[in-house]
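Q: I'm new to this structure and would like a close look at a single part, the sheet in chain B. Could you walk me through that sheet and then show me what surrounds it?

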Protein chains: 2
Amino acid sequence: MQAREESVKVRTRLWCINGLNLLRDVSEEEMLRFAAITRIVERRRGDMIYLPGDASQSVYFLKEGRIKITGLSEDGHEVLLDIIGPGEIFGELGAIQETPRTTAAQALEDAVLCEVDREDFEEMLATNPQMSLKVLKGFGSRLKRIEAQLLRLISKDVPTRVREALVDLIDAQRTVRPEVPVKIGLTQQDVANLVGASRQETARALKELEYSGAVELRYRSIVVRTPDKLRDRALFNGH
Amino acid sequence: MQAREESVKVRTRLWCINGLNLLRDVSEEEMLRFAAITRIVERRRGDMIYLPGDASQSVYFLKEGRIKITGLSEDGHEVLLDIIGPGEIFGELGAIQETPRTTAAQALEDAVLCEVDREDFEEMLATNPQMSLKVLKGFGSRLKRIEAQLLRLISKDVPTRVREALVDLIDAQRTVRPEVPVKIGLTQQDVANLVGASRQETARALKELEYSGAVELRYRSIVVRTPDKLRDRALFNGH
DNA sequence: GTCGAATTGTCAGATAGCTGACATTTGAAC
DNA sequence: GTTCAAATGTCAGCTATCTGACAATTCGAC
């Protein structure tokens, strides 16, 4: 009985772990070891996963859903730093550095994630060079994403920033083929935080894009109809 | 003769490698192996180390000097992404991802650096989990630095951004004790790029700080006299 | 020393974007 | 269905910051 139940748990955990970018071409044995140190956690849309100041005790692997990572500037502005998609890790930063969280993580959609204790994670990395390298590569892309965002923020002009942010977002969820409308589950306030502009100005820019037929504005989401229209900056030089 | 010369070379390389954060507590043997794949390069103030679009063939370890990493936004704005100090690595991002450079690296002061080929570096990481972890931690701090910069950019108000940027810069070169004047070898244009503001507005903010006695403006550098004055935001709420 | 390019100091006008305010719409909870 | 909080749409005035322009300084090269 005991054994049976344990096996079920492990199988569930295995499911959780399956398909993680990080664990491609890892041996079966390693997978099992990894599954054993994993806890499955479910979060509903809007739930917080961690907050600034929390002790960084865990690392998370996202199986389903979408997580937004935000920072809070001193003057109370929320800033969207990153959006995590299925198959990615997050929360490693604090874990690696053993400092309290400086950011907050919140579920944008109902989410399923695997939680791993910091020590276990670190041991995993230490004994598994391949995995270290994968994590390293993941960090690399994230660094690039953030650098790109920094560049975007400086090349001011809110409409441009909004366009580029949308392009990034649809590129990030390349689960579907291009030329298919993509729904982005963010409020206009979220987008404003992402591009570092006021909600009002962001709304104006989005409306502009709607007139041009590039996107369709819904209640809590934005549907990108024709990505190419977003990409083609020439279209928008006029206004 | 041959052997003698080789030994000198290796010793020089060893010198180069000594004191690198990355290689603390690495075995003597590993050090030698590492020294063998290293090339010493010298660059003068203002020299470029790599440019956007270059193939990413090498990783660099900085022994002496200071390197600025910049990105170029589409509208031609140069953006200062990071400043590398002695003992740090840079250029790993491209190396890990095998994509062309997206940033430029330029020497702010005369610099001595060790160059390592991408393949060698990757092999080094794969066989040396400890080192992977170190690189990972380095990435972590860099990510945090950039995130902090992003936050700074959004909490607008140029004077505040300038103050905070200066604080970051002196914290980064904590080679000297606090309470000692620290020289920051950046032009006002560099600072402007760092905080994402125009040169003129940055100059105004710096002048303001000079009046308050916090800094002293020199020709191509800024001397921070009293770091505490910079940190104390209350002092500047008035104007 | 003189020269010249790079850096700094400082204006005044133009403007993108912010703040605050308000009406409207949406969808979920009851 | 009704109700209510959250999200959206839009306006007008205000202000921080940008652009462009020009003189003054610095320092290395000659």
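A: Here is a walk that starts at the sheet of chain B and moves outward to the partner chain, the helices and the DNA. Please keep in mind that this is a predicted model.

Let's begin with the sheet. In chain B, four strands form an open sheet in the order β2-β7-β4-β5, and the pairing is antiparallel. The edge strands are β2 (48-50) and β5 of chain B, each of which pairs on one side only. From one neighbouring strand to another, the turn is 30° on average, with direction ignored.

A good place to stop is β4(B), residues 67-72. This strand and β5(B), residues 78-84, pair in the antiparallel sense over six bridges. If you pick out Ile67(B), you will find Ile84(B) as its bridge partner in β5(B). Between β4(B) and β5(B) the hairpin has five residues, and Gly76(B) takes a positive phi near 90° there.

β4(B) also pairs with β7(B), residues 104-107: four bridges join these strands, which run antiparallel. Ile67(B) appears again here, standing opposite Ala107(B) in β7(B). Further along, Thr70(B) stands opposite Ala104(B) in β7(B). As a help for reading such strands, in a regular strand the side chains alternate between the two faces of the sheet.

What lies across this sheet? Helix α5 of chain A, residues 129-154, lies across β4 and β5 of chain B and runs at about 140° to β5(B). So our next stop is the partner chain.

Chain A has a sheet that you can read in the order β2-β7-β4-β5, an open sheet of four strands with antiparallel pairing. In chain A, β2 (48-50) and β5 (78-84) stand at the edges with a single partner strand each, so one side of each has no neighbour in the sheet. The twist in this sheet averages 30° from one strand to the next. At the β2(A) edge, two bridges join β2(A) to β7(A), residues 104-107, and these strands run antiparallel. Met48(A) stands opposite Gln106(A) in β7(A). Here the helix comes from chain B: α5(B) packs on the sheet, touching β4 (67-72) and β5 of chain A, and its direction makes about 140° with that of β5(A).

Now look at the whole contact between the chains. In it, 34 residues of chain B are in contact with 34 residues of chain A. On the chain B side, the elements that give two or more residues are β5, α3 (92-97), α4 (118-127) and α5 (129-154). Of these, α5(B) gives the most, with 18 residues. By class, the side of chain B that touches chain A has 17 nonpolar, 11 polar and six charged residues.

Further along chain B, helix α6 (residues 158-172) and helix α8 (residues 199-211) pack at an angle of about 65°, with their axes 9 Å apart. That makes α6(B) roughly perpendicular to α8(B). Their crossing is right-handed. From α6(B), the contact uses Val158(B), Pro159(B), Val162(B) and Arg163(B), while α8(B) brings Glu201(B), Thr202(B), Ala205(B), Leu206(B), Glu208(B) and Leu209(B). Sorted by class, this contact has six nonpolar, one polar and three charged residues.

α8(B) also leads us to the DNA. Around DNA strand C there are 18 residues, and the closest are Ser198(A), Glu201(A), Tyr219(A), Thr187(B) and Gln188(B). Two or more residues of this surface come from each of α8 (199-211) of chain A and α7 (188-195) and α8 of chain B. The largest share, four residues, comes from α8(B). By class, the surface near DNA strand C has seven nonpolar, six polar and five charged residues.

DNA strand D is the last stop, and 18 residues surround it, the closest being Thr187(A), Gln188(A), Ser198(B), Glu201(B) and Tyr219(B). Glu201(B) is a residue you have already met, in the contact of α6(B) with α8(B). The elements giving two or more residues to the surface near DNA strand D are α7 (188-195) and α8 of chain A, together with α8 of chain B. Here α8(A) provides the largest share, four residues. The residues of this surface divide into seven nonpolar, six polar and five charged.

Key. Residues numbered from 1 in each chain as written. Chains lettered and ligands numbered in written order. Predicted model: local features only at pLDDT ≥ 70, side-chain atom pairs only at ≥ 80, totals over all residues. Axes fitted to C-alpha atoms, helices over the stretch in contact; angles between N-to-C directions. Parallel < 35°, antiparallel > 145°, perpendicular 65-115°, else oblique. Left-handed = near helix turned anticlockwise from the far one by under 90°. Contact = placed C-beta atoms within 7 Å. Nonpolar A, V, L, I, M, F, W, Y, C, P; charged D, E, K, R; others polar. Near = placed C-beta within 6 Å. Pairing = 2+ DSSP bridges.
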